[in-house]
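This report describes the chain shown below, beginning with one residue and moving on to helix packing, loops and overall dimensions.

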Amino acid sequence: MSKKWMCAIGAFWVCLSIAGCAGGTQSNLAETERGPYTDGTYTVRMPEYDQDGWQEYGIVTVADGFIAEVAYDALNENGGKKSQDPSYRDNMAVGNAVNGLPAAYPEQAYEALLTAFRTVQYDPERVETVAGATVSSQNFKRIMAALMVQVKKGAPGETALPIFQDGIYEVQMPDYDNGWKDFVRVTITGGEVEKVEYDGRDEDGALKSDDEKYRKDMIAGNAAKGLPETYPADYGQKLADAYLASGSVEEMDGVAGATISTNHFKKLVRHALINARLGRDELATAPLFEDGQYRAQLREPADGWTEFVVLTIQDNAVLQIVFDAEDEQGNYRSKSPLEESEEGPDPSVIYPAIIEEFIQKQYLPEEMETIAGASRSTSHFKRLVTAALENALYGSDETALVDA
């Protein structure tokens with residue numbers, strides 16, 4: 001057991017007994033009578049650190065067969081406790097205020113959850129969410145449910161929750177493609193991926209894999225292009241098997257002749273697994289664009305400058321657009337004054353104008369008008385931003401190279 005977890009076990013105890021830390025659950029019993037549980041310390045923690053660098057955990061101590069003490073907190077990688085971190089407390093207060101949520105902070109939220117846990121006789125399902133601490137409340141219920149299983153089994157020790165929560169997680173594409181909306185269904189059992197299903201549905205709910213005309217058309221289309229024979233029932237099973245064999249959408253093999261479907265599969269599985277981490281088992285729709293930064297640039301420089309586009313995507317929306325050109329030293333064209341011998345519009349003016357035209361046309365490159373005096377740069381931008389958006393569809397972080 002790591003040092004920080006040994007320290008955690010010895011501190012921040014919160015008594016759940018009515019009579020205090022002496023074990024009030026047995027206060028009305030004879031001193032010699034034992035409770036139903038095996039003595040020891042039981043610890044369960046979240047499977048990994050969250051995005052803020054904290055790992056929540058719970059500890060139950062059983063003495064003389066009764067639950068004597070219960071604690072709940074979170075540790076960072078340095079062993080610091082969330083309940084004792086003033087900066088986290090201040091940031092949480094500000095964040096809640098901005099989002100119109102009640103004031104809450106870790107120490108207060110944890111104490112409220114533990115008090116509720118005691119009141120409902122250690123039944124985590126009956127513990128209500130603490131306003132302003134929804135995620136911690138959900139984690140608390142998961143951890144305490146696992147702890148009570150361990151206590152009832154009589155298995156003291158330290159364990160971590162599985163990364164994925166058991167359930168069936170289905171995610172569909174945001175739009176229909178040629179009349180079909182692809183979807184994936186991932187079954188988690190015992191914290192592990194047990195089964196993956198991939199198919200498509202039309203507006204009437206019919207499955208793509210059952211459509212004989214689609215199968216024949218795809219086989220004929222691939223043959224005409226010199227591609228291997230495949231069809232929905234075939235590539236759906238091959239993709240599922242490839243993922244289960246590798247355990248990773250990044251490392252799994254795709255299916256030749258089904259490139260778009262392979263990309264859809266990987267995108268959908270990623271989101272299904274995100275939902276499986278959170279236990280969100282309702283039907284979900286994947287975002288059109290994945291969060292991240294996406295760069296596209298011309299394959300070859302022109303007059304010593306290589307034009308490029310960088311898109312920042314967040315929450316399925318374009319957050320920032322950069323359009324410029326750079327030389328071999330990394331200097332930006334928009335920040336380099338024109339030489340006296342140079343002709344043409346000023347890049348510091350035309351590049352922002354092209355970006356504004358893109359925004360005005362609702363981020364649709366094909367709808368853009370050519371900026372006066374900058375037809376070549378406008379044409380380059382449309383190709384570059386299209387390539388960047390294509391990468392954003394599937395979360396590809398590779399720089400897209402575009403011919404002028």
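Leaving aside its neighbours within four places in sequence, with which residues is N139 in contact?

## N139 and its surroundings

The model discussed here is predicted. Once neighbours within four places in sequence are set aside, the contacts of N139 are M46, E56 and Y72. N139 itself belongs to helix 4, which covers residues 134–153. Its relative accessibility is 15%, and N139 therefore counts as buried, the limit being under 20%.

## Helix 3 against helix 4

Two packed helices are described by the angle between their axes and the distance between the axes. Helix 3 (residues 106–119) packs on helix 4 at an angle of about 45°, and their axes are 11 Å apart. This angle makes helix 3 oblique to helix 4. The crossing in which helix 3 passes helix 4 is right-handed.

On the helix 3 side, the contact is formed by Y110, L113, L114 and F117, which meet S136, S137, F140, M144 and M148 in helix 4. Sorted by class, this contact of helix 3 with helix 4 has 7 nonpolar residues, 2 polar residues and no charged residues.

## Helix 6 against helix 7

Helix 6 (residues 232–246) and helix 7 (residues 259–278) pack with their axes 11 Å apart, at an angle of about 50°. Helix 6 is thereby oblique to helix 7. Helix 6 passes helix 7 in a crossing that is right-handed.

Which residues of helix 6 and helix 7 meet? Helix 6 supplies Y235, L239, A240 and Y243, while helix 7 supplies S261, T262, F265, V269 and L273. The class count for the contact of helix 6 with helix 7 is 7 nonpolar, 2 polar and no charged residues.

## Helix 8 against helix 9

The axes of helix 8 and helix 9 cross at roughly 55° and come within 11 Å. Helix 8 is accordingly oblique to helix 9. As helix 8 passes helix 9, the crossing is right-handed.

In helix 8, the residues I350, Y351, I354, I355 and F358 meet S377, T378, F381, V385 and L389 of helix 9. By class, the contact of helix 8 with helix 9 comprises 8 nonpolar and 2 polar residues, with no charged residues.

## F289, a buried loop residue

F289 is placed in the loop between strand 8 (284–285) and strand 9 (292–298). Is F289 buried or exposed? With a relative accessibility of 15%, F289 counts as buried, since the limit is under 20%.

Apart from neighbours within four places in sequence, F289 is in contact with K267, I313, N316, L389, A392 and L393. One of these, L389, is also among the helix 9 residues that meet helix 8. F289 and Y394 are separated by 105 residues in sequence, and their C-alpha atoms are 7.0 Å apart in space.

## Other loop positions

D64 and Y363 are considered together here for their backbone angles. D64 has a phi near 55°, a positive value in a residue other than glycine. The loop that holds D64 runs between strand 2 (55–63) and strand 3 (66–75). The relative accessible area of D64 is 39%, and D64 is partly exposed. Y363, likewise not a glycine, has a positive phi of about 65°. Y363 is found in the loop between helix 8 (347–360) and helix 9 (375–394), and at 32% relative accessibility it counts as partly exposed.

D303 lies in the loop between strand 9 and strand 10 (306–314). With a relative accessible area of 70%, D303 is exposed, because the cut-off is over 50%. D303 and V349 are 46 residues apart in sequence, and the distance between their C-alpha atoms is 19 Å.

## The chain as a whole

The secondary structure of the chain amounts to 9 helices and 12 strands. The radius of gyration is 28 Å, well over the 22 Å that the globule rule gives for 404 residues, so the chain is more spread out than a compact globule. Along its principal axes, the C-alpha trace spans about 95 × 60 × 35 Å.

Of the 404 residues in the chain, 42% are buried. Among contacts with a separation of 6 or more, 54% join residues that are 24 or more positions apart.

Note on methods:
Residues are numbered from 1 along each chain as its sequence is written. This is a predicted model: local features need pLDDT of at least 70, side-chain atom pairs count only at pLDDT 80 or more; totals for chains, interfaces and linings use all residues. Side-chain values use heavy atoms; hydrogens and water are left out. Axes are lines fitted to C-alpha atoms, for helices over the stretch in contact, and angles run from 0 to 180 degrees between N-to-C directions. Helices (H or I, at least four residues) and strands (E, at least two) are DSSP runs, numbered from the N terminus. Angles under 35 degrees count as roughly parallel, over 145 as roughly antiparallel, 65 to 115 as roughly perpendicular and the rest as oblique. A crossing is left-handed if the near helix is turned anticlockwise from the far one by less than a right angle, and right-handed if clockwise. Contact means heavy atoms within 4.5 Å. Ala, Val, Leu, Ile, Met, Phe, Trp, Tyr, Cys and Pro count as nonpolar, Asp, Glu, Lys and Arg as charged, and the others, Gly among them, as polar. The radius of gyration is taken over C-alpha atoms; the globule rule is 2.2 Å times the number of residues to the power 0.38. Buried means under 20% relative accessible area, exposed over 50%, partly exposed in between (1.4 Å probe, protein chains only).
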